[in-house]
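Student: I would like a close look at one part of this model, with the rest of the chain used as its setting. Please give the cut-offs as you go.

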Amino acid sequence: MMATTNSTGGGMQTKTIQEDLCSLSLERGSQKHLFYLLVVNIFLSIGAVLGNSLILVAFRKESSLHPPSKLLYRCLATTDLMVGVVSQPLATTYYMSIVYEHWSICRYARYAAFMTSYALCGVSLSTMMAISMDRLLALLLGLRYRQIVTLKRTFFCVGIFWVVSSVPTSSFIFDDRIALWYSSLGVPFCLVISIVSYTKIFHSLSRHQAQVKNQQQPSPPNALNIARYRKAVHSALWVQLALVVCYLPFVIVDIVISHSKTHSSHLTITREISFSLIYFNSTLNPFLYCWKISEVRQSVKHTIRQALCCSWMNSWMN
């Protein structure tokens, strides 16, 4: 079993665990678990790349969604695609260097995997917060929504998400406390805003349903299509819940580690498994888009048919 290490502070404890992984040999069982984990991440990476590439093509072809809303989903799909293209291959290299004890590669891969994953997770959380606020504004603003929530303003917000998530991540090389403080404040802020937004949305929808049932207030002409709006809210909420479910185990394990005076290889492997669950979210999201957004599902089906048809025609002509 890996030698135990004492430390003070959550950030130092987490950093010590990662440094031990790049300097000490794990027991045979733990090395086997890491090998299985890197194999799983390879398949998850392939799934994230293929799935999110299809989703991005589908969103480009889809014209029924409001452009700012579509931009937010495209931003989320882009971060998931980059997880599959960049973060997961780096994490796989990190695990492989531990299994085969290539310590010089291990340290560089560890920092690269952490920094890219940290930045992309920050963009994903911020984008999910923006999607919840976008749905709330659509309800509160009514006909003014399309005038206020414009594509230009949404682009500006997305740009801020990338800058705000990337700057603290790059500072990790010099002082990891900046990144740790950012996550300690940023993650709860994004989750609280999302929870408040969805709570207000469902409260307003329940009140509207009661008014319609009692026929106290007839719907004005050109009012918000409540049935379609409710469907869009449920789609966004499913994606939000999937993100929370995939991120929560890592948060719990990290809290346990930060309050533990010693750690073992089993606790370390548990942390890496929970981190891979975060990567799994990038592979899961395309399936949620296809399941909950009918327009995207139809566009994906059409894209797959076109690709298969072109492939069959090319093979027939050759």
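How many helices and how many strands does the chain have? And where does helix H4 (residues 103-141) fit in?

Tutor: The chain has ten helices and zero strands, where helices (H or I, at least four residues) and strands (E, at least two) are DSSP runs numbered from the N terminus. From the N terminus on, the elements read α-α-α-α-α-α-α-α-α-α. This is a predicted model, in which local features need pLDDT of at least 70 and side-chain atom pairs count only at pLDDT 80 or more, while totals for chains, interfaces and linings use all residues. Residues are numbered from 1 along each chain as its sequence is written, and side-chain values use heavy atoms, with hydrogens and water left out.

Confidence comes before detail. The mean pLDDT of the chain is 81, and 80% of its residues reach 70 or more; pLDDT is the predictor's confidence in each residue, from 0 to 100. Among the elements, helix H3 (residues 67-99) has the highest mean, 92, and helix H1 (residues 10-21) the lowest, 47. Over residues 1-19 pLDDT stays under 50, and the model has 46 contacts for that stretch beyond four places in sequence, a contact being heavy atoms within 4.5 Å. Where pLDDT is low, the predicted coordinates should not be read in detail.

Now to H4. This helix has 39 residues and reaches 56 Å from its first C-alpha to its last, close to the 57 Å expected at 1.5 Å a residue. The expected span is 1.5 Å times one less than the number of residues. After H4 comes Gly142, whose phi is positive, near 65°.

H4 also has a part in the largest nonpolar core, a set of buried Ala, Val, Leu, Ile, Met, Phe, Trp, Tyr and Cys residues joined through side-chain atoms within 4.5 Å. Of the 63 residues in this core, Ile55, Ile131, Tyr289 and Val296 touch the most other members. Helix H2 (28-61), H3, H4, helix H6 (151-170), helix H7 (176-214), helix H8 (226-258), helix H9 (265-292) and helix H10 (294-317) each give two or more residues to the core. H4 gives the most, with 14 residues. Leaving out residues up to four places away in sequence, Ile131 touches Leu72, Tyr73, Leu76, Tyr198 and Ala236.

Charge is found in H4 as well, at Asp134. Asp134 counts as buried because its relative accessibility is 6% (buried means under 20% relative accessible area, exposed over 50%, partly exposed in between, with a 1.4 Å probe and protein chains only). Its side chain meets that of Arg135 in a salt bridge, 2.9 Å from N to O, and Arg135 is buried too. A salt bridge here is a side-chain nitrogen of Lys or Arg within 4 Å of a carboxyl oxygen of Asp or Glu. Beyond four places in sequence, Asp134 is in contact with Ser69, Leu72, Tyr145 and Val149.

The count comes to two salt bridges. The other one joins Arg271 and Glu272, at 3.6 Å from N to O. Arg271 counts as buried because its relative accessibility is 4%, and Glu272 is buried with a relative accessible area of 4%. Another polar residue, Asn285 in helix H9, is buried at 1% relative accessibility. Asn285 is in contact with Asp80 and Val239, neighbours within four places left aside.

Tyr73, one of the residues that Ile131 touches, leads on to the aromatic rings. There are nine aromatic pairs, counted for rings of Phe, Tyr and Trp (its six-membered ring) whose centres lie within 6.5 Å; planes under 30 degrees apart are stacked, over 60 edge-to-face and the rest tilted. Phe59 and Tyr73 form a stacked pair, 5.8 Å centre to centre with 20° between the planes. This pair links distant parts of the chain, with Phe59 in helix H2 and Tyr73 in helix H3, 14 residues apart. Phe59 and Tyr73 are buried, and ring pairs link these two with Tyr289 into a cluster.

For the chain as a whole, buried residues make up 44% of the 318 residues. Of the contacts with a separation of 6 or more, 82% are between residues 24 or more positions apart.
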